[in-house]
Amino acid sequence: MTPCTALRGALEVVAWWTVLFLLWLVLIGTVDTLELVMGAAAALVCAVAARGARRAVGGR
């Protein structure tokens, strides 16, 4: 893995995380600190899974 590929992968995970976290934030009613932390963690797990799924389907 080249540094460019690693950077591209990290940027993709950050993009997925941002979209998923903002979607979660829009859909939740009240926001506590614990809910923000758990939502961010769940969005990160889903972002990594989305990148893996996209790579598996795309063959890259």
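## A two-helix chain, starting from L36

L36 lies in helix α2. With a relative accessible area of 32%, L36 is partly exposed, because that value falls between the cut-offs of 20% for buried and 50% for exposed. Before we follow L36 further, please keep in mind that this is a predicted model.

What does L36 help to make on the surface? Together with L22, L25 and V31, L36 makes a nonpolar surface patch of about 290 Å².

### The chain as a whole

Stepping back, the secondary structure of the protein chain comes to 2 helices and 0 strands. Helix α1 covers residues 3–27, and helix α2 covers residues 33–58. Taken along the principal axes, the C-alpha atoms fill a box of roughly 40 × 20 × 15 Å. The radius of gyration of the chain is 13 Å, whereas a compact globule of 60 residues would have one near 10 Å.

As for the surface, the protein chain exposes about 4,500 Å², and carbon and sulfur atoms supply 76% of that area. Of the 60 residues, 15% are buried.

### Helix α1 and its cover

How far apart are the end C-alpha atoms of α1? They are 36 Å apart, which agrees with the 36 Å that its 25 residues should span at 1.5 Å a residue. The buried residues of α1 are G9, E12, V13 and F21. What covers these buried residues includes α2.

One of them, F21, also gives a handy sense of distance. F21 and T33 are 12 residues apart in sequence, and their C-alpha atoms are 14 Å apart in space. T33 itself lies in helix α2. Is T33 buried or exposed? T33 counts as exposed, because its relative accessibility of 64% is over the 50% cut-off.

### E12 and its two arginine partners

Now let us visit E12, whose place is in helix α1. E12 counts as buried, because its relative accessibility of 15% is under the 20% cut-off. Which residues does E12 touch, not counting those up to four places away in sequence? The answer is R51 and R54.

Side chains of opposite charge can pair when their charged atoms come close. A search of the whole structure finds 2 salt bridges, and they can be set side by side:

| Salt bridge | Closest N to O distance |
|---|---|
| R51 with E12 | 2.9 Å |
| R54 with E12 | 2.5 Å |

Let us take R51 first. The side chains of R51 and E12 meet in a salt bridge of 2.9 Å, N to O. R51 lies in helix α2 and E12 in helix α1, so this pair ties together parts that are 39 residues apart in sequence. Both R51 and E12 are buried.

Then comes R54, which forms a salt bridge with E12 whose closest N and O atoms are 2.5 Å apart. This pair links distant parts of the chain, with R54 in helix α2, E12 in helix α1, and their positions 42 residues apart in sequence. R54 is partly exposed, because its relative accessible area of 33% falls between 20% and 50%. Through salt bridges that share partners, E12, R51 and R54 are joined into one network.

Note on methods. Residues numbered from 1 in each chain as written. Predicted model: local features only at pLDDT ≥ 70, side-chain atom pairs only at ≥ 80, totals over all residues. Heavy atoms only, no water. Helix = DSSP H or I, 4+ residues; strand = E, 2+ residues; numbered from the N terminus. Buried < 20%, exposed > 50% of the residue type's maximum accessible area, 1.4 Å probe, protein only. Contact = heavy atoms within 4.5 Å. Rg over C-alpha atoms; globule rule 2.2 N^0.38 Å. Areas by Shrake-Rupley, 256 points an atom, 1.4 Å probe, with all protein chains shown as cover. Patch = residues over 30% accessible without salt bridge, like charges linked within 9 Å, V, L, I, M, F, W, Y side chains within 5 Å. Salt bridge = Lys/Arg side-chain N within 4 Å of Asp/Glu carboxyl O. Expected span 1.5 Å × (residues − 1).
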